[in-house]
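Subject: Model handover

Hello,

Here is the model I promised to pass on. Please open it alongside this message.

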There are 2 protein chains.
Amino acid sequence: MNYCSHCGARVTQKVPLGDNLPRHVCNQCELIHYHNPKIVAGCIPEWENQILLCRRAIEPRLGLWTFPAGFMEIGESTEQAAVRETKEEAQADVAITALYAVLSLPHIGQVYLVFRGRMLTPICEAGSESLEVRLFPLIAIPWKEMAFPVVSEALRRYVDDVTNGQFQLHLASLPDRLPSY
Amino acid sequence: MNYCSHCGARVTQKVPLGDNLPRHVCNQCELIHYHNPKIVAGCIPEWENQILLCRRAIEPRLGLWTFPAGFMEIGESTEQAAVRETKEEAQADVAITALYAVLSLPHIGQVYLVFRGRMLTPICEAGSESLEVRLFPLIAIPWKEMAFPVVSEALRRYVDDVTNGQFQLHLASLPDRLPSY
């Protein structure tokens, strides 16, 4: 950030009075600009012991697999964001059944809220941000072609829970570098 | 937003190619500026059947009560944010025990992530943003002096769960106007 989005003057990084972190403060109108983590709402869409994954048609990580996920918008709830992303990326309709994981990525200022979603029908089709969408039995998840470590992490926990016969809520903070699964 | 925070030129609201929502786009460098919901990390600190509440020393809602809560920062996890807010506002140390509620406020672009926290000691003291902090038996919660509807909503669910002897994860989207409890 170089300029004040309100008045257009230059900003300077400094710790405002009463604060303890440096912020971008406008040299002219003195507005403080806060930057906060973004929510990525994701969904693991389920259909008869299979889950739906999408192969990304956009950078970063074009050509690799993920569950539907994207930045939450103002004006929607977390669940609505997960349903919308599933519709946009995979043309699939889901009913959210549970919050499955809250995964913080402090190094990039993101928080993944991953839901489980029951597919209303097995119908799915690549949206504009996907090259291909497909239902996978858990044993066929393409672990070596996952788009992001956080996606692998959520799915690894999911497979473990299915194996153990019990879903739990996962709360974790992911380091910059994760082992690849 | 009036000016591009990157180059300082004017921005115009328009729907970028491939998008379906209006964004602030720079007239000069064409950077798209996204605005996303913010996470408010909160904690219900527990000590021997009592919970800790803070009376706000700042606007909005100065003089009214809330559990410790505030905007999550980049570089921390959701749990760390809840612990930090509890320390800042009430000088209290907590160990996070569970995620308790995910409450979306679509009309103001906020998502409350409310945790339960076990106080390590009963020591608490007003931080700079609090006039007063105090442990309350649930029967003494000052319902008529709550700072925000979302705080009342989370605490009402909490009291219900305690009454029923079982905590569950609460996932909800709150309307603009809530009944006051």
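Below is what was found, starting with how the chains relate. Keep in mind throughout that this is a predicted model.

**The two copies**

Chain A can be laid on chain B with an RMSD of 0.0 Å. The operation is a turn of 180 degrees, with a shift of 0.0 Å along the axis. The two copies are therefore related as by a two-fold rotation axis. Both copies use the same surface. Of the contact residues of chain A, 100% recur in chain B.

**The interface**

How many residues of each chain are in contact with the other? On chain A there are 34, and they touch 34 residues of chain B. Four elements of chain A give two or more residues each to the side that touches chain B. They are β4 (38-47), α1 (78-90), β8 (94-105) and β11 (170-173). Which of them gives the largest share? That is β8(A), with three residues. By residue class, the side of chain A that touches chain B has 16 nonpolar, 14 polar and four charged residues.

**Domains of chain A**

The domain assignment splits chain A in two. Domain 1 covers 1-35, and domain 2 covers 38-173. Taken over C-alpha atoms, the centres of these two domains of chain A are 36 Å apart.

**The three-stranded sheet in chain A**

Chain A has an open sheet of three strands, in the order β1-β2-β3. The pairing is antiparallel. As a reminder, strands of a sheet pair through backbone hydrogen bonds, either parallel or antiparallel. Which strands lie at the edges in chain A? They are β1 (11-14) and β3 (32-33), each of which pairs on one side only. β1(A) meets β2 (residues 23-26) of chain A over four bridges, in the antiparallel sense. To locate the pairing on screen, start from A:Gln13: its bridge partner in β2(A) is A:His24.

**The sheet in chain B**

Chain B also has an open, antiparallel sheet of three strands, ordered β1-β2-β3. Its edge strands are β1 (11-14) and β3 (32-33) of chain B, each pairing on one side only. Four bridges join β1(B) to β2 (residues 23-26) of chain B, and these two strands run antiparallel. Here B:Val11 is a handy starting point. Its bridge partner in β2(B) is B:Cys26.

That is the full set of findings for now. Over to you.

Best wishes

Note on methods: Residues numbered from 1 in each chain as written. Chains lettered and ligands numbered in written order. Predicted model: local features only at pLDDT ≥ 70, side-chain atom pairs only at ≥ 80, totals over all residues. Contact = placed C-beta atoms within 7 Å. Nonpolar A, V, L, I, M, F, W, Y, C, P; charged D, E, K, R; others polar. Pairing = 2+ DSSP bridges. Least-squares fit on C-alpha atoms with pLDDT ≥ 70 in both. Domains from an automatic or database assignment.
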